[in-house]
Every structure is written in structure tokens, then in C-alpha cells.
Amino acid sequence: MSDTSHTTATAPPALSVTGVSHSFGEKRVLDNVSLDVPRGSFTVLLGLNGAGKSTLFALITRLYDNVSGEIRILGHDVRRAPTLALQRLGVVFQSRTLDTDLTLMQNLRYHAALHGIGAGEARRRCQDALETVALADRAGERVRSLSGGQARRVEIARSLLHRPALLLLDEPTVGLDIGSRESVLSIVRGLVSARGLGVLWATHLIDEIVPTDDIVLLHKGRVLFTGSVPGMLAAAGADDMRQAFRVMTGTNVETEAA
Amino acid sequence: MTTDTVMATRDAPGVADTISRPGLGAYFVCFRGIVWREVLRFLHQRERFLSALVRPLVWLFIFAAGFRQVLGVSIIPPYESYVLYEVFVTPGLVGMIQLFNAMQSSLSMVYDRETGAMRTLLVSPFPRTFLLSSKLIGGVAVSILQVYVFLGIAYFWEIEPPMLGYLTVLPALILSGLMLGSLALFMSSVIRQLENFAGVMNFVIFPMFFASSALYPLWRIRESSPLLYEICRLNPFTHAVELIRFALYGQIDWTSLAIVIGCTVLFLGAAVFAYNPSKGLIARRGGPGGSA
């Protein structure tokens, strides 16, 4: 099932995954996965826990290499040209990855250094990034003093420091209260329209999807659908996304109290 | 420096993305950032700083003082006269600081891998070997910081090597730190879970420390057990301690130097292989912090 709703562009998309398969030992966790994330799009990678989302993120970020297929960021092959590919990639991982013993600013400065951004420029960008997530006034505080939602916002700020063209977020709202969830979603959607970022947002929460989003439905390591929300509803003959998910995967999507 | 320009598409037409390979300056910035973070983390963790100091000081003030009369040390190079037992064990305790610091780094890396924090380092666009080496050097810098604080306190306990020794020991500390740090880096890739770290204490740290020349001269060990003597001679930690011991008195133990350099290359090579995204141990089992 496929719906090609995107306009074709001559320049490469922010992310292009083509025919990627991956196994851990005998267990095949990704099977011939293909998807595109164009610039200026908010693409939801929808799948239940264990669908292969985190493995796909690990391959895109080159934590380990894909066994087969090709992954390109802005046209650069992640395996063959990792330096160029990873330079414009921002990531927010599922687990918290801030150093709680350091301050917000120290965490961000460390990340800037990991991208080779010099001290003066780093200071300016860190300040800007913290302002974007409305935490500039807490720059000198240690991360351990932040709430879960605030820490998530710092991670988003951190992922923006090197001005990525592609932003990956792996279940970023898990464990957050409704206010924090809305805040994080609003910040990221704002970045898509303001900066033209390509965003790949992995989630199993249907209620995070809006009609203008692009959808990639991943189930048991296979892509069952790529396209728009209306396209998925039409393909499944469903009235809402929850029903469409059920029709396409044969399972009930997990719900989380909003 | 190569430059590749990609035009943005869709909602942001006409916005140009310039992607350049990082230059030498960017490498330096990255290296400095990683080392600085290691030092900052250490300074922020006061308990770690204190325990790293208290451990060798307890050995020096209590163990060594207690055994001063029991364990005689004859005149052996690099010492030119009889020395107090405290003086003899000091290089061993310096080695112990570096050994424990390396294993602490290993523990911290396993923890970072389990929580996913290791990923922030590994998704940097710089080559992975460079990133891991920088982290390694950061750990060594922290251990050297601890060593000099320890030697400063020990000075007031009549451990008074020649003043120049404080300078000449620095290259030896860097080398021994690199060797032990490389071993720890490799071990961090092998250890699957944090809970397994107790095994590291029992099977790596204690045997390495006790089956070495840190606490007793090798000739004394040979007198009591030729087999143990051979084990001690094969132990890389023995050579790290001897390298430090000689360097503290402005001399070079060439055999130890060669073995320490060789072991560093071997351990670092193994660690780089283990963290290789294509072939390494991490990739085979779905780490770091990876899950389906």
C-alpha cells in the first residue's frame, strides 16, 4: 500500500531509506524498509513497541551499519560518507541522554563541541537554542533540577545547535504529562514551518498525528504504508486513524491517556 | 576541504545547505570538548574525587606503614639506597589510581550505553576512532589530575622523589593511563550489563593489581613462587607500575616502555573494532542502548 502525495523535487530529500533490512542473529528486525522524509515535512513513523523503530533510528544515526539497503541524509550515504551525512542530522533519543551533573549550558556546549563548533559561536547558538525552547533563564542550572518535559526541551535545543536539516525524534513524549507533550510537539512543528526541517517523529500514539502529517506505518519490521493521513484513511477504508491502524496491522494500537 | 551544496525543497525553497568536511580546527574543538566534559564530570562528582583519593591514601598511611617493618626492600633500581616501604609502594598506588579510574570510566561507559547517553557521542560526525580516542584521553587527563593530588599529599608523608621526577613521570603516566584506559574501553564493549561489573572487580582489577610489582618487588615474589613470578611478569600492569617507578626517578625502563606501548596499541585496536558500526561487538547484539 502506498500513496505518493509528495511533490517530486530534483534535490535529494532530507532522508531517504531504500530497501533496508537488518537482523540481530537469526532475528530479522527490519525487512526491506523504504521511506523518504522531504525537507519541510513532519513525518510520523507510526508503530507499536517492537515494530523496529529504534533499530531503524540506530541505523540512520549509524550506531551500527545496515546489513543491506541504503540510507541517505541530504543525498549522502550514511555508511560510505558518515561525516557528511551525520553533520546535518539532529537526534532526540528515546532515553534521556543529558548529563544530569552538568548545567544546561554545559550540556549544550559539549554537544556543540561534538560538532566542531568553536567557543564563541557555540555560546551564541546555545543561547538561541535555549530561547527557542523557552529555557534561556535556566541555562546555569544543573539538568537534574529540571522536570521530564523541560529536559526533553533541552534535548530538542541540543539537537538544533548544529543547524540540522533532518531531525529524528524517537518517542520523545513518552512519560510526559499532557502539557509537556503539547509543548514538545508544538516546538517541533514550529521548527518544521519556520526552518524547513525534515522531521521523522517515531511514536505509537495515534493522538499525536494531525491531518497534514505524512505517515510511515511500520509493523513487525515491515513498512505497511507510506503517504498522507487522508491517503491512509482511504487505503484502509477507515473513518479515523485508530481504525485505519487496526485494519492495516490487525492489532489495536496502544492508547495512552491524554 | 570539500564542499557540497544541497538546495532545500518543499516548504523552504531556495535555502541552501552547505555541508563541509570538518577542518583541523573543528577536530581540535571536538577533542577539547570531550576532554573538558570528562574533567567537568569528575570535578562535579565530589564523592568520586574523594574516594579516588582516599583509596590510595589508606593504603599509604595504614597498609604501607603497618608493613614497613615486615616487608624489607633491598636496593633495587631505580633506588640507589634502601627505601622505606611507603616509598616503594607509591608507584604501585599511582598505578592503582589509574587502574581504578580506568575501570570507573569503563563502568560509566557501560552505564551510558545502557541509558543511551553513549549515543550522543557516537552520532557526532567525526570518525568514531577519533571520538573514542578523545574520550580515552579525557579519562587519562582525569587520572593524572588525581595522581598529582595524591603525590602532593604523599610528599608530606616523606615520599620525596626528586623534584624533576614530578615532570619526568608525566609521559609515563600518560602512557600507562592510555594502556589501562584502552583496556577499559574494550571491556566496556564486552560487558553486557551493569550488573556484570562486579565480575570485572574480581577477575580484572584485583588480579591485575595483586599479581604485579605494585606491592612487592618481583624478586621477592620469585622467591616464594616462580609461577606467580612469571604471571606477574606477563601482567601489563606490572610494566605500567615499573614504567612509573623508573620515570619518577628520571629513568626509563625500556622493557616496560615497549610492553606498555604494545599493549596500548593492542587494547585500543580491540576497542575500536568492538565499537566499529559494521563489524563490532556492539553492532552484533544491538547496542549501544539499542533495542528493536
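Reader: In what order do the elements of chain B run from the N terminus on?
Author: First, a heads-up: this is a predicted model, where local features need pLDDT of at least 70, side-chain atom pairs count only at pLDDT 80 or more, and totals for chains, interfaces and linings use all residues, while side-chain values use heavy atoms and leave out hydrogens and water. Residues are numbered from 1 along each chain as its sequence is written, and chains are lettered from A and ligands numbered from 1 in the order in which they are written. Chain B has twelve helices and two strands (DSSP runs numbered from the N terminus: H or I of at least four residues for helices, E of at least two for strands). From the N terminus on, they run β-β-α-α-α-α-α-α-α-α-α-α-α-α.

Reader: How many helices and strands does chain A have?
Author: Chain A is built from 258 residues. Its secondary structure comes to eight helices and ten strands.

Reader: What share of the residues in chain A is buried?
Author: Let's do chain B too: of its 292 residues, 53% are buried (under 20% relative accessible area with a 1.4 Å probe, protein chains only; exposed is over 50%, partly exposed in between). For the 258 residues of chain A, the buried share is 62%.

Reader: Among chain A contacts between residues at least 6 apart in sequence, what share joins residues at least 24 apart?
Author: A contact here is heavy atoms within 4.5 Å. Counting from at least 6 apart in sequence, 72% of the contacts in chain B join residues at least 24 apart. In chain A, that share is 69%.

Reader: Is B:S134 buried or exposed?
Author: B:S134 sits in helix α5 of chain B, which covers residues 128-155. Leaving out residues up to four places away in sequence, B:S134 touches B:F31, B:I34 and B:V35. Because its relative accessibility is 2%, B:S134 counts as buried.

Reader: Where is B:V54?
Author: With a relative accessible area of 44%, B:V54 is partly exposed. Its spot in chain B is residues 46-67, also known as helix α2.

Reader: How many salt bridges are there over all chains?
Author: One of them joins the side chains of A:D65 and A:R62 at 3.0 Å, N to O (the rule: a side-chain nitrogen of Lys or Arg within 4 Å of a carboxyl oxygen of Asp or Glu), and both of these residues are buried. Another joins A:E70 and A:R72 at 3.1 Å, N to O. A:E70 is partly exposed at 28% relative accessibility, and A:R72 is partly exposed at 29%. Over all chains, the count comes to 22.

Reader: How many residues apart in sequence are the parts that B:E38 and B:K135 tie together?
Author: The side chains of B:E38 and B:K135 meet in a salt bridge of 2.9 Å, N to O. B:E38 lies in helix α1 of chain B and B:K135 in helix α5, so the residues apart in sequence that this pair bridges number 97.

Reader: Are B:E38 and B:K135 buried or exposed, then?
Author: Their side chains meet in that salt bridge. As for their surroundings, both B:E38 and B:K135 are buried.

Reader: Which residues are linked with B:E38 in a network of salt bridges?
Author: We already know one partner, since the side chain of B:K135 meets that of B:E38. The network takes in residues of chains A and B. Linked with B:E38 in it are A:D99, B:R37, B:R41 and B:K135.
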